[in-house]
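Colleague: Could you take me through the place where the ligand sits, and then through the pockets of this model? I would like a close look, with the residues named.

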Amino acid sequence: METKQRLAIIQQQINETCKKIGRNPEDITLIAVTKSVSSKRAQTLVDLGVKDLGENRLEGLLDKQENIQEKVNWHFIGNLQTRKVKELIHKIDCLHSLDRMSLVKEVNKRASEPLKCFVQINVSGEESKSGITPEEADTFFEQLAEYENVHVIGLMTMAPNTEDESEIRSVFRSLREVRDKITAKQLPYAPCTQLSMGMSNDFMIAIEEGATHIRVGTALVGSESEEDE
Ligand SMILES: *Cc1c(COP(=O)(O)O)cnc(C)c1O
């Protein structure tokens with residue numbers, strides 16, 4: 001399938017899901033996750049009007065940035081090693097994987113202006129996933145107060161890899177509940193109104209549960225082995 005066709009399908013699914021539940025599709029940011037495809041494929045998406053690209057490794061990000069000239073919003077969505085912050089920080093618009101205090105400190109130290117961040121929450125409690133637990137959120141957010149270059153715009157999570165739709169939905173719903181509690185505190189350094197959740201297999205459920213940013217890879221970009229005519 002062509003990239004153009006895949007994009008049209010995703011956009012239609014976003015529109016239909018929004019219509020069903022009375023949300024405005026303009027409130028959903030579609031992040032094309034290009035980590036597994038070439039810069040050429042990423043360029044095709046940009047040419048089709050995609051304005052947000054997501055990468056999970058520094059090397060992949062640098063490669064895409066070397067090859068794409070247009071102004072796009074660069075999202076970093078992967079686990080970030082503290083020692084890579086210095087090189088990464090001035091190259092991204094948004095960090096989706098703020099998951100520990102040591103990373104907060106390093107971002108704060110290296111950034112020259114406040115960086116938009118999502119705090120990653122491990123809702124499902126799976127050991128393979130990073131992120132703070134929902135129980136740790138209150139304390140974590142209190143501690144953020146003294147780090148002026150860390151500006152938390154929302155929460156991020158990954159649903160478990162399961163066919164069980166109700167399990168996925170409950171993870172997204174829990175993230176929204178944690179978000180609502182933080183938002184209610186009205187922290188100036190952490191408005192935390194956004195929700196980064198939903199990937200290829202579950203973005204429609206995520207939109208129904210309040211996602212503002214969906215991170216779509218395979219369903220949108222295909223795989224490099226597939227031709228893109
Ligand atoms: C790879 C990745 C995605 C996209 O996954 P797909 O299933 O290919 O849509 C989204 N978020 C994160 C954090 C990822 O690492």
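**The ligand and its surroundings**

Modeller: Happy to! The ligand is surrounded by Val33, Lys35, Ile77, Met156, Met158, Met199, Ser200, Arg215, Val216, Gly217 and Thr218. Please keep in mind that this is a predicted model. Sorted by class, this shell holds 6 nonpolar, 3 polar and 2 charged residues.

Let us go on to the polar atoms. Ser200 has a side-chain N or O atom 2.5 Å from an oxygen atom of the ligand. For Thr218, an N or O atom of the side chain is 2.6 Å from a ligand oxygen. Gly217 takes part through its backbone, where a polar atom lies 2.7 Å from an oxygen atom of the ligand. As for cover, the ligand on its own has 390 Å² of accessible area, and the protein covers 85% of that.

Now for the space that holds the ligand. Rolling a probe the size of a water molecule over the atoms shows where empty space is left. The ligand sits in the largest pocket, which contains about 670 Å³ of space. This pocket is lined by 30 residues, and those closest to its centre are Lys35, Met158, Ala159, Met199 and Arg215. Of these, Lys35, Met158, Met199 and Arg215 are also among the residues around the ligand. The lining of the largest pocket is made up of 10 nonpolar, 14 polar and 6 charged residues. Among the elements, α7 (165–184), β8 (213–216) and α9 (218–221) each contribute at least two residues to that lining. Arg215 and Val216, both around the ligand, fall within β8 (213–216), while Thr218, with its side-chain contact to a ligand oxygen, falls within α9 (218–221).

For completeness, here is the second largest pocket, whose volume is about 250 Å³. It has 13 lining residues, with Gln11, Ile28, Thr29, Leu30 and Gly49 the closest to its centre. Two or more residues of this lining come from each of α1 (3–21) and β1 (29–33). The biggest contribution to the lining of the second largest pocket is that of α1, with 4 residues. By class, the lining of the second largest pocket has 7 nonpolar, 4 polar and 2 charged residues. One link between the two parts is β1 (29–33): its range includes Val33, one of the residues around the ligand.

Key
Residues numbered from 1 in each chain as written. Predicted model: local features only at pLDDT ≥ 70, side-chain atom pairs only at ≥ 80, totals over all residues. Heavy atoms only, no water. Near = heavy atom within 4 Å. Polar contact = N/O pair within 3.5 Å; in protein donor to acceptor, adjacent residues only side chain to side chain. Areas by Shrake-Rupley, 256 points an atom, 1.4 Å probe, with all protein chains shown as cover. 1 Å grid on protein atoms, 1.4 Å probe; cavity = no way out; pocket = protein on both sides within 12 Å on 5 of 7 lines; lining within 4 Å. Sits in = over half its atoms within 2 Å of the grid points. Nonpolar A, V, L, I, M, F, W, Y, C, P; charged D, E, K, R; others polar. Points joined across faces, edges and corners; volume = space filled by probe spheres on them.
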